[in-house]
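Biologist: I have not worked with this structure before, and I would like to go through it with you step by step. Could we look at it together?

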Amino acid sequence: MGSALDGIRIIDLSRVLGGPYCTQLLGDHGADVIKIEPPVGDETRGWGPPFINGTASYFQGVNRNKRGLALDLAREEGREILLQLLEDADVLVENFKTGTLEKWGIGYDRLHELFPRLIHCRISGFGADGPLGGLPGYDAIAQAMGGLMSVNGEEGGDSLRVGLPLVDMVTGLNAVAGITLALHERTRSGQGQFVEAALFDSALALMHPHFPNVFAGGSEPRRTGNAHPNISPYESYATGTQKIFLAVGNNTQFAKLCAVLECPQILEDERFRDNGQRVINRVELRGELEAVLSRHNGSEIAERLIRAGVPCGPVLSASEALRHPHTAHRGMLVEIGSYKGTGTPVKLDRTPASYRNAPPAFAQHSNEILAGLGFDESRIRELRESGVAPPAFDSGYHQVDCADCKETIKPGPLGVSQ
């Protein structure tokens, strides 16, 4: 049956994480994604170590199922090639600073006039207008300003950034949702539209249940470590070996927990008779449970508990999570030749995702893409030699003229200026 987005072409001008993560997910589900990088490459090619064949693993993690082309969009010739690519494209994804495309004469209004069916998705820090409109945004800044850091960390400790680029990746997911919504609406209207996913908005939208607690007149949310502000027991607990995480959401689950652990005295304790009392007395409950859990092997008791209907799991390292047999069973490990990656979390039964191409080397598919636009070999050579469409890097250094900075720079094999 193919994949859900077969026949959809996406021009990806985005760099770093939110945009590339979005377009990788769309590519996994069949879209033809053409990743266009500037002459110095996506900066994440150099975000290492570790490196794989000269390219940082960071880049490799979010750029499979794409064809690679390099264009200098600061030059008119580069923009003309982009417009040719957009003639039969369905979606444009970009994360340029607000005003950049407009300065080049290819902002949304102009593109919509030229290509009324085109869906234009911009991933930005704060959106285009308002008090912070147009300012650059980064994951950690969005975590700080959106309230996430204020609730992340140990009780009484410092605010902490979540240890992964959560806001960037959720913004990418929100962009996927916006694009697919716009594609669906286009089947009725025949018209494209502008889709915006901002890091600031995504950070605010992640603040559940803390914002609802504030709306309800509750006190200012505080850091509780691994504990849930509204539920108990709902945090990590020490055992005789590794830690486990319990997520007990109701009295029935709590009764099952006490039955498996053979501790009726905890179940019958008035301090723990319902969730409200357990939240009030969470410190005492933690002490009682850990005293019992200290007699158990963490992974073994976690297995017993979850099979008995108590939400529970061992706290695994990254390597342990990758080695877990259920990871492979769920199709979350992808191998394409020497490339290894994480599978898509979105599963469709009739039109499943497909993993066709490893992340492209810098400008790897330039000749193929330009030839598809009708350029002959001599014209492609001219574009390559002029720096408008730089060649693929193999090894050593290549001279590329940078129209933006009006000087010659030396990109290395990573596609990043040295």
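Biologist: What share of the 418 residues of the chain count as buried?

Modeller: This is a predicted model, in which local features need pLDDT (the predictor's confidence in each residue, from 0 to 100) of at least 70, side-chain atom pairs count only at pLDDT 80 or more, and totals for chains, interfaces and linings use all residues. Residues are numbered from 1 along each chain as its sequence is written, and side-chain values use heavy atoms, with hydrogens and water left out. Buried means under 20% relative accessible area, exposed means over 50%, and partly exposed lies in between, with a 1.4 Å probe and protein chains only. Of the 418 residues, the share that counts as buried is 45%.

Biologist: Over which residues is the pLDDT below 50?

Modeller: The chain has an average pLDDT of 92, and 94% of the residues score at least 70. One stretch falls below 50, although beyond near neighbours in sequence it has 61 contacts in the model (contact means heavy atoms within 4.5 Å), and that stretch is residues 394-418.

Biologist: Which element gives the largest share of the largest nonpolar core?

Modeller: A nonpolar core is a set of buried Ala, Val, Leu, Ile, Met, Phe, Trp, Tyr and Cys residues joined through side-chain atoms within 4.5 Å, and the largest one here has 31 residues, of which Ile10, Leu26 and Ile179 touch the most other members. Helices (H or I, at least four residues) and strands (E, at least two) are DSSP runs, numbered from the N terminus, and among those that give two or more residues to this core are helix 1 (18-28), strand 7 (119-124) and helix 7 (166-189). The largest share, six residues, comes from helix 7.

Biologist: Which residues is Ile179 in contact with, leaving aside its neighbours within four places in sequence?

Modeller: Ile179 is one of the residues that touch the most other members of the largest core. With those neighbours left aside, its contacts are Cys22, Leu26, Val91, Val93, Ile119, Cys121 and Val195.

Biologist: How many residues apart in sequence are the parts that Asp32 and Arg67 tie together?

Modeller: Side chains of opposite charge can pair when their charged atoms come close. Asp32 forms a salt bridge (a side-chain nitrogen of Lys or Arg within 4 Å of a carboxyl oxygen of Asp or Glu) with Arg67, the closest N and O atoms being 2.9 Å apart. Because Asp32 lies in strand 2 (residues 32-37) and Arg67 in strand 5 (residues 66-70), the pair ties together parts whose separation in sequence is 35 residues.

Biologist: Is Arg67 buried or exposed?

Modeller: Arg67 belongs to a network of salt bridges that also links Arg9, Asp32, Asp88 and Glu368. Its partner Asp32 is partly exposed, with a relative accessible area of 22%. Arg67 has a relative accessible area of 17%, so the word for this residue is buried.

Biologist: In which helix does Arg379 lie?

Modeller: The side chains of Arg379 and Glu77 meet in a salt bridge, at 3.1 Å from N to O. This pair links distant parts of the chain, 302 residues apart, with Glu77 in helix 3 (residues 76-86) and Arg379 in helix 18 (residues 377-386).

Biologist: What is the relative accessible area of Glu235?

Modeller: Glu235 and Arg286 meet through their side chains in a salt bridge of 2.4 Å, N to O. Arg286 is partly exposed, with a relative accessible area of 24%. Glu235 is buried, and its relative accessible area is 8%.
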